[in-house]
Amino acid sequence: MTVVQEKSTERRVVANVLRGSVGNLIEWYDWYAYTAFSIYFAAAFFPKGDQTAQLLNTAAVFAVGFLMRPLGGWLLGRYADRHGRRAALTLSVTLMALGSLIIALTPSYASIGVVAPVLLVLARLLRGLSVGGEYATSATYLSEVASPARRGFYSSFQYVTLTAGQLVALGVQIVLQQFLSKAEMTSWGWRIAFVIGATGAIIVMWLRRGMDESENFEKQKDNPQKGTFKALLRHPKECLLVVGLTLGGTVAFYTYTTYLQKFMVNTSKIDAATVSWINFAALLVFVVLQPVAGALSDRIGRRPLLLGFGVLGTLATVPLLSALAKTSEAFPAFLLMLGGLVIVTGYTSINAIVKAELFPTNIRALGVGLPYALTVAIFGGTAEYVALWFKQAGHESVFFYYVAGCVLISLLVYGFMRETSKDSVLDRD
């Protein structure tokens, strides 16, 4: 291949990664808008009560959305393996748009009673179905279109855009906080965020029509075993490995990101507007770290980064969260949150490519998506609820040890797994 051809191919890779990533950003913006604005809309969907009780209700609905992720990982993962990555990615963002519109347009509990939380649950079910499929298909697509020597770098953009979606949600929240009073935010301002998400999804549907299908899928499109559960069952070890890889990472990620916003307001007693800025600044640094760590994994392998996360996550989680619980100043809180995010980068930056490197093309999306979504539904989606439950019971610090214990389990898996970058199934397809 000539230098000109190599540059042209690399430009095509970048274009496909960007198209897929922008869609991923909107998907995760919609997902995280729920957590970013739940402080404001909790009272709109549930009866009056103390703040912790209302947050528990919204956290429970958040967890319900996670219960749909295994179904999304199965249905959309199967769809991606049978009909293509591009088609599945377009379908997932359509489902997410519908869920956002339902939340944006649903009247309050005071107006329609119990129908309001029922519609909120319905919206979360649609969003869970969508995100369950988005993760699997996005991880598969980015790994398949990436240049072999830069798979870690390009696949890291899954968490770049995933976190960027959260940043955009926080950015929208910060802007609205500058122009609307707390009463206006609680009354109707929070609905603007979900209208933005639905509008962005329409744009993404158009952008994803221009994506190239991956060559790996094109080679396997006539395979009669593509996307079948029977074919997946031939890889039990890999499925269990995905569960072990994910357990500690997903609990730590949702603790250090989505839950910390409520933790700093509800436990540290930091003003909600200040917390938004802390989250925004810390997550901005986190975004920059993802491709750096991904590129590093292309040089030294995936396992060293996973082992680093496992060791530091096990040892540092309790001290970090204990210190944050006693912190009421913005800058120390920022540093503590950033410390947690630096640790979890060892998992987030490469977890997608590690899982994709385990499975053959004909079941890659299903193999990545289903065991991952099951683990996230059981552990990641319930992390916030478990934390708030311990707080309400008066034993909040027990949650800190729960997170560290989950990371320790994954550390044991990292210690015994093979180096996937040296023996990737992607290279055999």
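This is a guided tour of one protein chain, with a suggestion at each stop of what to select next.

The model is predicted, so local features are described only where pLDDT is at least 70 and side-chain atom pairs only at pLDDT 80 or more, while totals for chains, interfaces and linings use all residues. Residues are numbered from 1 along each chain as its sequence is written, and side-chain values use heavy atoms, with hydrogens and water left out.

**The whole chain**

Begin with the whole chain in a cartoon view, where you will find 20 helices and zero strands; these are DSSP runs numbered from the N terminus, with helices (H or I) of at least four residues and strands (E) of at least two. The radius of gyration, taken over C-alpha atoms, is 21 Å, close to the 22 Å that the globule rule gives for 429 residues, so the chain is as compact as a globular protein of that length. That rule is 2.2 Å times the number of residues to the power 0.38. Along the principal axes, the C-alpha atoms fill a box of roughly 60 × 45 × 40 Å. Of the 429 residues, 60% count as buried, where buried means under 20% relative accessible area, exposed means over 50%, and partly exposed lies in between (1.4 Å probe, protein chains only).

**The nonpolar cores**

Next, select Phe37, Trp190 and Met264, which have the most contacts inside the largest nonpolar core, a group of 104 residues. A nonpolar core is a set of buried Ala, Val, Leu, Ile, Met, Phe, Trp, Tyr and Cys residues joined through side-chain atoms within 4.5 Å. Helix α13, residues 236-266, gives the most to this core, with 15 residues. A second, separate core has ten residues, including Tyr141, Phe153, Tyr154 and Met211.

**Trp190 and Ile103**

Return to Trp190 and show its surroundings: setting aside residues up to four places away in sequence, Trp190 touches Phe37, Tyr40, Phe41, Ala44, Phe45, Ile103 and Met185, where contact means heavy atoms within 4.5 Å. From there, move to Ile103, which belongs to helix α4 (residues 85-105) and is buried, with a relative accessible area of 1%. Beyond its neighbours within four places in sequence, Ile103 is in contact with several residues, among them Tyr34, Leu120, Arg127 and Phe194. If you draw a distance between the C-alpha atoms of Ile103 and Arg124, which are 21 residues apart along the chain, it should read 8.8 Å.

**Thr314 and Tyr385**

Now select Thr314 in helix α15 (residues 303-325). Which residue, 94 residues apart from Thr314 along the chain, has its C-alpha atom 5.4 Å away? It is Leu408, and Leu408 is also one of the residues that Thr314 touches, together with Phe309, Ala404, Val407 and Leu411, when residues up to four places away in sequence are not counted. Then go to Tyr385 in helix α19 (residues 383-392), which is partly exposed, with a relative accessible area of 35%. The C-alpha atoms of Tyr385 and Thr317 are separated by 18 Å, and these two residues are 68 residues apart along the chain.

**Lys269**

For the last stop, select Lys269 in the loop between α13 and α14 (272-300). Is this residue, Lys269, buried or exposed? At 62% relative accessibility, Lys269 counts as exposed. Its backbone also deserves a look, since Lys269 has a positive phi of about 65° although it is not a glycine. Most residues other than glycine have a negative phi.
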